[in-house]
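Please examine the protein shown below, with its sequence alongside. The paragraphs that follow lead from a single residue outwards to the sheet, the core and the loops.

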Amino acid sequence: MSNLTKKLNEEEAKEYIKNNFPRREAKEEITTTNLAEFGYREIKEAKDLLTAYVENGLPDDFNNEEITIMFNKHSGNVFLTNSEYQVAFASEGKLYSFYSCSECGHEGSEEEGFNNEDKSLCDECYEKENS
Ligand SMILES: [Zn+2]
């Protein structure tokens with residue numbers, strides 16, 4: 001288990017979500033964990049997430065507390081999330097962590113600009129902060 005992800009307390013996590021995922025706070029629920037609200041495509045993606053989970057495990061930096069399958073009805077994305085609001089997607093049978101930069105809002109996987117030690121910042125912001 002790596003310690004790359006900064007642990008947030010509950011207040012910090014709520015603030016982080018509000019800043020980075022404003023829609024998740026909206027009154028009309030944009031995200032759901034209720035499988036009855038998933039369509040066929042989303043159920044299939046949920047299956048892919050669970051298959052990847054069973055066969056290859058969680059990403060190293062993904063905390064295994066309160067894991068749920070979540071569907072974002074606006075983006076159409078289906079992903080795993082947890083008590084720390086970390087996000088993991090499945091690709092080619094494996095789960096990978098999906099990050100959001102707390103500085104500029106950039107989102108992506110490790111290859112998509114989060115190849116630094118502090119996954120709460122994208123590579124660009126990380127370099128700015130550490131130069
Ligand atoms: Zn950034």
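Leaving aside its neighbours within four places in sequence, which residues is Val78 in contact with? They are Glu42, Glu45, Ala46, Leu49, Ile69 and Phe71, where two residues are in contact if their C-beta atoms, placed from the backbone, lie within 7 Å. Val78 itself lies in strand β3. Because 22 C-beta neighbours fall inside 10 Å, Val78 counts as buried; a residue is buried if 20 or more other C-beta atoms lie within 10 Å of its own, exposed if 12 or fewer, and partly exposed in between, with C-beta atoms placed from the backbone. The C-alpha atoms of Val78 and Arg41 are separated by 9.5 Å, although the two residues are 37 residues apart along the chain.

Two remarks on the basis of this description are needed. Residues are numbered from 1 along each chain as its sequence is written. The model is predicted, and local features need pLDDT of at least 70, side-chain atom pairs count only at pLDDT 80 or more, and totals for chains, interfaces and linings use all residues. Here pLDDT is the predictor's confidence in each residue, from 0 to 100. The protein averages a pLDDT of 90, and 89% of the residues score at least 70. Confidence is lowest in helix α1 (residues 10–20), with a mean of 78, and highest in β3, at 98.

The protein has three helices and six strands. Helices (H or I, at least four residues) and strands (E, at least two) are DSSP runs, numbered from the N terminus. Read from the N terminus on, the order of elements is α-β-α-β-β-β-β-β-α.

The six strands form an open sheet in the order β1-β2-β3-β4-β5-β6, and the pairing is antiparallel. The strands β1 and β6 (107–108) stand at the edges, each with a single partner strand, so one side of each is left without a neighbour in the sheet. Strands of a sheet pair through backbone hydrogen bonds, either parallel or antiparallel. Two strands are taken to pair if DSSP finds at least two bridges between them.

The pairing can be followed residue by residue. Strand β1 (residues 31–32) is joined to strand β2 (residues 68–72) by two bridges, and these strands run antiparallel. Thr31 has Asn72 as its bridge partner in β2, while Thr32 has Phe71. Strand β2 is in turn joined by four bridges to strand β3 (residues 78–81), again antiparallel. Across this second pair, the bridge partner of Met70 in β3 is Phe79. The hairpin of β2 and β3 has five residues between the strands, and within the hairpin Gly76 takes a positive phi near 80°.

Asn72 offers a second view of strand β2, where this residue has its place. With 17 C-beta neighbours inside 10 Å, Asn72 counts as partly exposed. Neighbours within four places in sequence aside, Asn72 is in contact with Ile30, Thr31 and Asn77. Asn72 and Phe38 are 34 residues apart in sequence and 9.7 Å apart in space, C-alpha to C-alpha.

What lies in the interior? Of the 131 residues of the protein, 21% count as buried. The largest nonpolar core has 20 residues, and those with the most contacts inside this core are Leu49, Phe79, Leu80 and Ala88. A nonpolar core is a set of buried Ala, Val, Leu, Ile, Met, Phe, Trp, Tyr and Cys residues joined through C-beta atoms within 7 Å. The elements that give two or more residues to this core are α2, β2, β3, β4 and β5 (94–100). Outside its neighbours within four places in sequence, Phe79 is in contact with Met70, Val87, Ala88, Phe89 and Phe98. Among contacts between residues at least 6 apart in sequence, 46% join residues at least 24 apart.

Two loop residues other than glycine deserve attention for their backbone angles. Glu66, in the loop between α2 (40–56) and β2, has a positive phi near 50°. Glu66 counts as exposed because 9 C-beta neighbours lie inside 10 Å. Tyr85, in the loop between β3 and β4 (87–91), has a positive phi near 60°. With 17 C-beta neighbours inside 10 Å, Tyr85 counts as partly exposed.
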